[in-house]
Every structure is written in C-alpha cells, then in structure tokens.
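Me: I have a model open and I do not know how to read it. Can we go through it step by step?
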Amino acid sequence: MKHLLSIADISRLDAIKILDTAEELAKVSDTPMKKLPTLRGRTIVNLFAEDSTRTRISFEAAAKRLSADVINFSSKGSSLSKGESLKDTAQTLQAMGADAVIIRHGASGAPARLADCQWMSGAVINAGDGTHEHPSQALLDAFTIRRHLGQGREDLTGLRVGIVGDVLHSRVARSNVLLLTKLGAHVTLIAPPTLLPVGVESWPVSVSYDFDSVLESLDVVMMLRVQLERMQELFFPNAREYSRYFGLNSARLRTLHSDAIVMHPGPMNRGLEITADSADSARSVILEQVSNGVSVRMAILYLLLAGDTSIEAGN
Amino acid sequence: MAHVSENILIKGGIVADGSVKDILITDGVIHSVAVSLNAGDARVVSAEGHIVLSGLVDLHTHLREPGREDSETVLSGSKAGVKGGYVALSAMANTSPVADTAGVVEQVYRLGKEAGLLDVFPIGAVTQGIEGKVLAEIGAMADSVARVRVFSDDGNCVSDPLVMRRALEYVKKFNGVIAQHAQEPALTVGSQMNEGIVSATLGLKGWPAVAEEAIIARDVLLAEHVGARLHICHLTTAGGVEIIRWAKARGIDVTAEVTPHHLLLTDELARSYDPIFKVNPPLRTERDVMALRQGLADGTIDIVATDHAPHPGESKECEWQEAAFGMLGLEHALSIVAQTMVETGLLDWAGVQDRMSTAPAKIAGYGEHGRELAVGAPAHLTVINPKAPYRVDRDSLASKSRNTPFHGMEFTAQVVATLFHGRVVFGKDRFQ
Amino acid sequence: MNTVLSAQDVSRALSRIAHEICEGNNGAQTITLLGIPTRGAHLAFRLATLIESIEGSPVQVGTLDTTLFRDDLRLKAPRALMPTRIPSLGIEGRNVVLVDDVLFSGRTIRAALDALGDIGRPSRVQLATLVDRGHRELPIRADFVGKNIPTSLSQNVKVNLLEIDGIDEVTISEKVSA
C-alpha cells in the first residue's frame, strides 16, 4: 500500500490491520506517551484545497503525535485558489521533499491524479475528494462501530448499518459502503430517490426510501450531512419535508433497539438531518468518532510511512 | 512529399468493390482505371495488397483557428488530416471569434486554401456567438466564397425548440443542413461523464443518455414537421440509434454520425480519472458501443466523423472536472474504423468508403469529393495498408496537440498515402 | 538445525532467572516485569508466575511494544503493532525488568528504553533474556541471562515457546541466503 486513495484499493485484511493498529495507537495515546518518534524526519504536507477544519486538524494531530514535520498548505489565499494547476502544486511539493501529501480537494479523483502522475513521488492520502471518497472517515467509522458492537470480532460481520441522506453527493457514503460491506456488515442506503446515484443498483447494498420501515432492524444509524443548497437544485421540496421523512428525531431514536448507535461524520445541520436531542443522546457516538479519528489517522500514517514503502507489508 | 501534380500510375491496388485495378492519374484527374495499364511517362507506384479508396471526408473537425492557434491551426490540422487519409475537413464554428459571419468563414476558407493540403470547408454557426438565441447570418455565409451549407453550434446544443425550428426551415432555401449537437442543457449542468455505474462509483456528475436522446427525438419530429434536413452530430447512445432508425423508417430526412472514439472506447476508462478520456458527449457503455457499430453497419448511422478536438497540454494535465472536453481523431480514425468495423466483419471496404467519403460528401454537398474512382473524377485518394500493425505514439503526431486517448494502443490498418488533386499530400514507404 | 536448549533447559533457566530477580530486588514488591512482544511477553508472564510462587504475592507484569521506537523501521516493510500493557501501578519509581527472548544487537532494548522514557521514570531498569547470542552493536548488557550461546552472524537463533510454537526449545540454524 503506497497510497490511500480509495477503499476499493485496500483488502479486507488491510482494513483490519489498520483498525488493529489504530487500536494499539489509541492505547498508547491513553498513556502519558502522547508523542512517538516513529516518523521523525518525515515531511507531511496537508494540502487542503477545500475548507475542512476538523479533518485537517485530525490529520495534523496524528502526524505530530508521530513526530512528523507537518506543513499546512490551505486554499485560502494560497495559489491553489488562484487556479494554480495541480501539476504545478505537485511539482512544488516534490521540490520541498514531501514524503506524503494529505489532500482534500473539491474535484473527485484529484488525489488519484496526484498519485498516478509522474509529477511527485511521495505517498498520497485522500482526505476527501469531491463526491468520490473519504477513506479515513470510513475507517474511523468502522473503528468506532467495531469498538461498540464488534464484541471482540475483528470485522463487522452481521451488523446492519443504515446510511441516511444525501448519498448522491456524499464521499463519506461511498467509502463507507465499500468498507463496511468489505468487513461483513449489511448496509442499507436510506434516501429519497433523487439523492441516490443512478447506478446504485450495482452497489452491494440494499436501498430503502422509507426510513421508518427499516429503523428497527438497524444496529447503526449513520446520518449524512444535507446541504440546504440541494433544495434549490430540486432534490427535495424543503427542509421541513426532508426532516419529516429522513431526519433523525427523538421518536425515531426511541424505535431503535437498545444497543443501536447513532453516527454523523460532521459537520451537522442540527434541525435538518438530525435534531439536537438525537445528536446529544446517549446513543450518539459522534464525539467518539472525532477522537477515534486521530488514532485511525495515526495508523494510516504509520502503515504508509514508517516502513520501507518499497516492500509489500508482511506480518 | 510532392508539391506539384505529377502523373502517377498506382498499380495493383484493391479498390472498394474488392477488385484489383491500376489507376492512372494525370493532371490531378483520374485518367483511367483498368486491370492493367501502361505507365507511359507516369511514375509507377505499386499498391499491391493495399486498399485504394476515394479520399476521406470529415464532417466534424475542430481546427481552432482563429483564436486557439496554440492547440491547432488550419495548417497543422490539415497535416493531421492528410496523415489520417482525409482530403476534406469541415471546420467547426466554435472558434474565437465564432464563425457566425461571412468574414470569419471566408478567413477559414482562405487559410485552408493557403495550407493547400486538402479542402477546408467552414461550418457556419446556427446562432450568433453559438449562444442559441439569435440566428447568425446564415444566408451571408451560404453566399460567401466559402459557400457554407452545413451549420452547427457544435459544443453547444441549439436547445430552444423555436430557434431550432426556424434554423431548420431557414436553410431549406439553399438545401443546407443543421448539424445538431444533441445535449439537453438542463439535464447536463456540470456533467462530467456518462451517468451510470461508473459515474456513481467515481463521484463524477453524470451526463445521462436521455439528455442526448430527448433532443434527437424532438429534432427529428421538428425536421419532419417543417420538411427540412437534419444531421445529428456524434451519436453516442443505443437509444439514439433506435430513434434515428425509427425516424428513417418514417421517412424523415435525418442523417447521423459517430466518432471513432465512441466506436472503440467506453466509460470504464474514466476510472483512471485521466481526463484524456474526457469528451463531450461522453464515452458510454459497452452496450452503447455495440449498438453504434451495428447502427453504422446497417446504415442507420450514415457516417464516421472525427470530432477532432485538439487541446493544449495544460487543459488535460489537471483534475478531471477542470479539464477540457475533447480528443484528437483525424490521424487514427481510419485505423479505428478498420479495427472496429472491418476486422469484426461488420463492414467491408466499400462500406468504409461510403461511411467515410461518399456519404459525408453527399450530406455536406461537397460535389468534388466522395466520388467513385471513375475516369474524369478529381484524383482524391486514400491508400491503406490493411496489415501494417503500429502503436500510437502521442509524441509523433502531426497535430499541434497531444490529447489522443489512443496513445499506446495498437492498430493494424494504416493510411500510407493521401492524394489530393493527384498530388501525394501525405505518403510513406513507396509513396514518399 | 541444532537444539541448544531443551524444554527442561528452558524451564530451569527461567526458574533460575526468577530467583535471581527476587534476590537482586529484595523481593517482588518493587518489581514491574515488562515483556517485549511477542515471545518476550510470554516469558515475562511465566517469570511473574514463578516469582509469585517464590514470594507468595502478586507481581506487576505487562508488555512493552518497541516498534514505534525502532531505528530500523525504514529498512523493513511496515510492521503490525503489538500490545503495550502497562500494569496498574505504572512504572514511576518502580524497578522495571525488561524481558526478551534473545539479546543480539541491543537495538530492541535501546528502543524499549526510549519507550519507557516516554511513559515515566522508573527508579531502575534491568534486563532479563533467555538467550544472549552476542554481537552487540550498542553498549547494552543483560542483568539476567538464561544461557549465553556463542554464535556466528551467519546463524539464526530461534526461541520456540509452548504458547506460540507448541514446544519449548531453542535452536540454531544456518541462515538460508536469499
């Protein structure tokens, strides 16, 4: 594994290895030993061509705990927002000697372009690209689910996960569908037909237009952010109607079985896809997702950068 | 390369009907065609084992001049054309300035004459600035030196049904034709690739087949209603082929084209996120490709047109959604048609001559082109070696641009010579 | 392949080390055993059991993974992390005994000392190893040694333990050149 571009590129065993490594790193983080020397001397560039404070900070914390040098390269005011080409950016990073680039980009496939081009040689980590994928988010979601409901198993076999909302525009949904099914979970996408992609029938998931009819069966309810602009694009009539059919509220929360958990990748639109009391309920693991994010991203950085990356990973 | 007309005897080539003939060319004209001819003072070139067709005619070429001479010029495009076996190109109107006045079409026509390698026939815009609102000076362009007969807003769809209706009616005056880029704009805002399984996975905004088919259906009905001629550019969908088939059965005067890339490539290639495969209309599915080949074989689709669309490197060395739409086509079109249609048994060489020379010349009214290899016809010829495997190399193209999606692919048939008015405007091997 | 320690030899060596650790630390109260995974961890738990039976009181025992502190990470493919489990009393002010199966270059122990330094400040750190095969590359020595086995660099020393390998023994073999 040289890059992390898409969950499609990693095997079930790779995924489990990342989760297991994250588990160990989480324990290390619980001790006073917050900083590890593992990536001393490695340079990691945070290339954020799109705003995302939480993902950037999470990766930055992960890299710093492993003692890597972190260079932040954000879009605001930088050449990226002035139309500098991806090629020029890549060549600049190469000249700076970046060992890895963590890239957040509005264009689907931008990380793949960076990885496949001959413009730079470092590892590329996709921190969310357009409406394509967000692999580290899916890994931290799987990590969180496994901690709560895994019952000591290495994967998620038999768990039923509902992903609710704007699947069409969600990179989190795409990565989670690939990862959770790879780990044995059964995924149901719950959305109005307008917010499901044409071609979804080829995905290894069930689809439901009726949240209430599947609620009881779910172990995990993963709510997706819905942007209000989608209303103008006619994906749904208005916020009230969206919330009525696809929002998570206290009534729906009560319908869930007693062990079920509620997740959200953030940032939340409280009152639209999730009510405040649902987000703050005891079932909500939303803040845990955030803290687990650092351990999972440490694991990703460790596995991609600590070893001799020219050798295939063994045991 | 010979720049003056010489007398040539092409010996032993296989002509479209499959027979072996000698062809004697004098003063730029076919002097005689027979089983065995004496050379007299003519240079003798053996074409044994080679296919000799009426010179190829492209109905859809972006030559980029005026305005984007960094990506192609009339001269560089002409060189690419003759290398691909073409003797006539139709320069699309979406230049800068747009070819929506007699002045611009005459400029392009004159540049073609100056290049002198083949005929460059300008296509006029349907609407001013190809904005789809107000008709361009269609009459003036038709009456100009360029004598424009084909009008297209290609790049944009003439989406307003009233504008389309008026345009179809208006060109009847001089037996012109409207070449429609069929793309319903409201269904394709920000679209990046074919909408389907691959776009769902890649998270790229979909360009649904129905956006093409809805316009084709509307326009064949409009053409029927006003009794006008309609040409559909770059057909890409199985559904589109069905609609054209239906319209022709109904007697509607519609013709359609398919590009070499849509005969060969599918949307699976987008998985690389390499925008070299980004084109408008987009690459579709395997099922569509098969329907297009069938449609071209049975005559539902009348012609192959390249939609040769040169772009500078920086337009493709970027993220997919930032990249320009379009790919090169002139230099490999014949090889691709041979591979997808002839080698598969769907079309014989007579069929290739029809789809790539005779039919496009007829649709556009290029009277000097697409004629049978008969005595007295202008000597516009394409000579093909059907068994000369080669690998495409984007670094050795005649075009000014390198955006070929075929780089690294291997084809079997290749053009070895192109004769324009009896001059060898492109020749390799013994034709040099 | 030669067997240099049998199951009985291993058992005897561990017993002796357990006694030596007790003697050297005035009993078990101040000791924290930290085994270096994988086999060092199993040895640490065995020593803890032995010491408990000698002293009649429980011993603090845990594991310490050194992977993240190694200086040769870049020379090999990325390794899976092994558990680090620091027992309840921590290491602050304790007599920490590191336990490993084979002492060779000393680099693992150097990494272990770095890892310890990040966790706290023991009052003393000692090292117990089942086998010392020599060829140190760092100024490190063991306080408790099961057996010194002179080897050449062309040889492999392999410790097999019941918990993982199904048998207790130590073998020497010639390296198979790649």
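**Reading chains, domains and contacts**

Reply: Start with burial in chain C: 39% of its 178 residues count as buried. Keep in mind that this is a predicted model.

Me: Which helices and strands does chain C have, and in what order do they run?

Reply: Count first, then read the order. Chain C has 4 helices and 8 strands. From the N terminus on, the order is β-α-β-α-β-β-α-β-β-β-α-β.

Me: How compact is chain C?

Reply: Compare the radius of gyration with the globule rule. For 178 residues the rule gives 16 Å, and chain C has a radius of gyration of 16 Å, so chain C is as compact as a globular protein of that length. For the outline, look along the principal axes. There the C-alpha trace of chain C spans about 45 × 40 × 30 Å.

Me: What do contacts add to the picture of chain C?

Reply: They show which parts of the sequence meet in the fold. Take the contacts in chain C with a separation of 6 or more. Residues 24 or more positions apart account for 69% of them.

Me: Now chain A. What are its counts of helices and strands?

Reply: Chain A has 12 helices and 9 strands. Run the other checks again. Of its 315 residues, 52% are buried. A compact globule with 315 residues would have a radius of gyration near 20 Å, and the 19 Å of chain A agrees with that. Its C-alpha atoms fill a box of roughly 55 × 45 × 35 Å along the principal axes. For contacts between residues at least 6 apart in the sequence of chain A, 78% join residues at least 24 apart.

Me: Which domains does chain A have?

Reply: Read the bounds with care, since a domain may be written in pieces. In chain A, domain 1 is 7–134 + 293–305, and domain 2 is 135–290. Their C-alpha centres lie 25 Å apart.

Me: How many residues meet between these two domains of chain A?

Reply: Count each side by itself. 22 residues of domain 1 of chain A are in contact with 24 residues of domain 2 of chain A. Next, ask which elements supply them. On the domain 1 side, helix H1 (12–30), strand S4 (123–129) and helix H12 (286–305) of chain A give two or more residues. H1(A) gives the most to that side, with 6 residues. Then sort by class. The domain 1 side that touches domain 2 of chain A has 10 nonpolar, 7 polar and 5 charged residues.

Me: What does UniProt place at residues 158–304 of chain A?

Reply: Treat a record as a label to lay over the model. The unreviewed UniProt entry places "domain: Aspartate/ornithine carbamoyltransferase Asp/Orn-binding" at residues 158–304 of chain A. In the model, that span is 39% helix and 14% strand. Its end C-alpha atoms lie 30 Å apart.

Me: How is the size of an interface often given?

Reply: It is often given as the accessible area lost when the parts come together. Here we count residues in contact instead. Chain C puts 18 residues in contact with 23 residues of chain A. The chain C side divides into 11 nonpolar, 2 polar and 5 charged residues.

Me: And where chain A touches chain B, which element of chain A gives the most?

Reply: Begin with the totals. 20 residues of chain A are in contact with 18 residues of chain B. Helix H3 (86–96), helix H4 (110–116) and helix H6 (171–182) of chain A each supply at least two residues of the chain A side. H4(A) gives the most to that side, with 4 residues. By class, the chain A side has 7 nonpolar, 8 polar and 5 charged residues.

Me: Which domains does chain B have?

Reply: Use the reading from chain A again. Domain 1 of chain B is 8–52 + 376–431, and domain 2 of chain B is 55–364. Their centres, taken over C-alpha atoms, are 26 Å apart. The contact takes 29 residues from domain 1 of chain B and 39 residues from domain 2 of chain B. S19(B) brings the largest share of the domain 1 side, 5 residues.

Me: Last, a single residue. Is B:Arg68 buried or exposed?

Reply: Count its neighbours. B:Arg68 has 20 other C-beta atoms within 10 Å, so B:Arg68 is buried. B:Arg68 sits in the loop between strand S6 (56–57) and helix H1 (74–83) of chain B.

Note on methods. Residues are numbered from 1 along each chain as its sequence is written. Chains are lettered from A and ligands numbered from 1 in the order in which they are written. This is a predicted model: local features need pLDDT of at least 70, side-chain atom pairs count only at pLDDT 80 or more; totals for chains, interfaces and linings use all residues. UniProt positions are given in the numbering used here, feature names are shortened, and annotations may be inferred rather than shown by experiment. Domain bounds come from an automatic or database domain assignment. Two residues are in contact if their C-beta atoms, placed from the backbone, lie within 7 Å. Ala, Val, Leu, Ile, Met, Phe, Trp, Tyr, Cys and Pro count as nonpolar, Asp, Glu, Lys and Arg as charged, and the others, Gly among them, as polar. The radius of gyration is taken over C-alpha atoms; the globule rule is 2.2 Å times the number of residues to the power 0.38. A residue is buried if 20 or more other C-beta atoms lie within 10 Å of its own, exposed if 12 or fewer, and partly exposed in between; C-beta atoms are placed from the backbone.
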